[in-house]
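Let's work through a few exercises on ring contacts together. Have your viewer ready and try each task before reading its solution.

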Amino acid sequence: MSALFEPYTLRSLTIPNRVWMPPMCQYSALPEGPDAGVPLDWHFAHYAARAAGGTGLIIVEATAVSPEGRISPYDLGIWNDTQVEAFRRTTAFLKSQGTVPGIQIAHAGRKASTGRPWKGGAPVGAEEYGWQPVAPSPLAFDERHPVPTELTVEQIREIVGQFAEAARRSLDAGFEVAEIHGAHGYLIGEFLSPHSNKRTDAYGGSYENRTRFALEVVDAVRAVWPEDKPLFFRISATDWLQEAGWTADDTVRFATQLKEHGIDLLDVSTGGNAAGVHIPVEPGYQVPFAARVKAETELAVAAVGLITEVAQAEKILANGEADAVLLGRELLRDPSWARRAARELGAEVRVPDQYHRSV
């Protein structure tokens, strides 16, 4: 049997195959008013198409735990019950297609309040629905971004609570998997890295202090997320810095702690916290980081990053480098990638009755 199409069980949840969709922001929600952050028709059509295409798990894009936690004013949110109700349409449809619905809960930190990428993605001010970003330390991401406001300990604790509330609402919305966003230079990742965290209190300095916020978020989310449902954590395994950054060694060390705190799978990406670094991008360039975590810890991992070809994805799993693959841009190009892969590998994947002619 194809490794890509073996079911995968975490806790009491079985995902029908190992072809998964990672979070990819659509920047298509309303920026203000009572429906700000609510998923719209675009979001439903976008995710529904990948479910009909046979994707085993779909993790909905970075969904903010507060209005200030959005990457852009046009991001989805899960901070109120209006958003919960709107998400139910999507989660119900995904389940009807045999796809597991997941959600990534996030806070953008110092990289918040930016415009849509197809309009340049530059930081935006109040006249364009923007706001003042916050961070562990008053350090701008780059010369374009404003200096963020340093969070107080009281504010840190408030955000921990927002993550827990977002998880509770995500469950109410029908999601079966929750993923905490600790990657790509957003708030949790900013706390982890000495490149962006220059605090001198209990949340900065030593490795133990820099990981404190992340583990507090994990504990708060795990406390409200059901024991029978899996919890993921997305991490940037390296800042790609020569010094004074988060490293692959840190990731391996942290993975063991995450498992102890109730994380079931590490979604392994890289980068995003330091501007202007050289990243050796090539097919599967991030897979070795996932493979190392899998080899050196007991935590399950998913690999992501320029995984495009069927044989490539199958080999990653067959070689034991990861437990699942996350296809980002390739699923944007081909919503039915999983069905195509199944045909190439002689495997079975669910096909909607309406598409029976394509079998």
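**Exercises on aromatic contacts**

**Exercise 1.** Which ring does the charged end of Arg116 sit over?

*Solution.* In this predicted model, the charged end of Arg116 lies over the ring of Tyr74, 3.7 Å from the ring's centre.

**Exercise 2.** Classify the geometry of the aromatic pair Phe44 and Phe93, then place the two residues in the chain.

*Solution.* Start with the wider picture: searching the whole structure gives twelve aromatic pairs. For Phe44 and Phe93, the centres are 5.5 Å apart and the planes meet at 65°. Planes over 60 degrees apart count as edge-to-face, so that is the class of this pair. Next, the location: Phe44 belongs to helix α1 (residues 41–52) and Phe93 to helix α2 (residues 81–96), so the pair links parts of the chain 49 residues apart.

Now the surroundings. Phe44 has a relative accessible area of 17%, so it is buried, while Phe93, at 26%, is partly exposed. Finally, the charged end of Arg89 sits over the ring of Phe44, 3.9 Å from its centre.

**Exercise 3.** Why is the pair of Phe233 and Phe254 edge-to-face, and are these residues buried or exposed?

*Solution.* The ring centres are 5.8 Å apart and the planes stand at 80°, so Phe233 and Phe254 are edge-to-face. This pair joins strand β9 (residues 231–236), which holds Phe233, to helix α7 (residues 248–260), which holds Phe254, 21 residues apart. Phe233 is buried at 0% relative accessibility, and Phe254 is buried at 0% as well. To finish, widen the view: Phe233 and Phe254 form one aromatic cluster with Tyr207 and Trp246.

Technical notes
Residues numbered from 1 in each chain as written. Predicted model: local features only at pLDDT ≥ 70, side-chain atom pairs only at ≥ 80, totals over all residues. Heavy atoms only, no water. Phe/Tyr/Trp six-rings, centres within 6.5 Å; stacked < 30°, edge-to-face > 60°. Helix = DSSP H or I, 4+ residues; strand = E, 2+ residues; numbered from the N terminus. Buried < 20%, exposed > 50% of the residue type's maximum accessible area, 1.4 Å probe, protein only. Lys NZ or Arg CZ within 6 Å of the ring centre and 35° of its normal.
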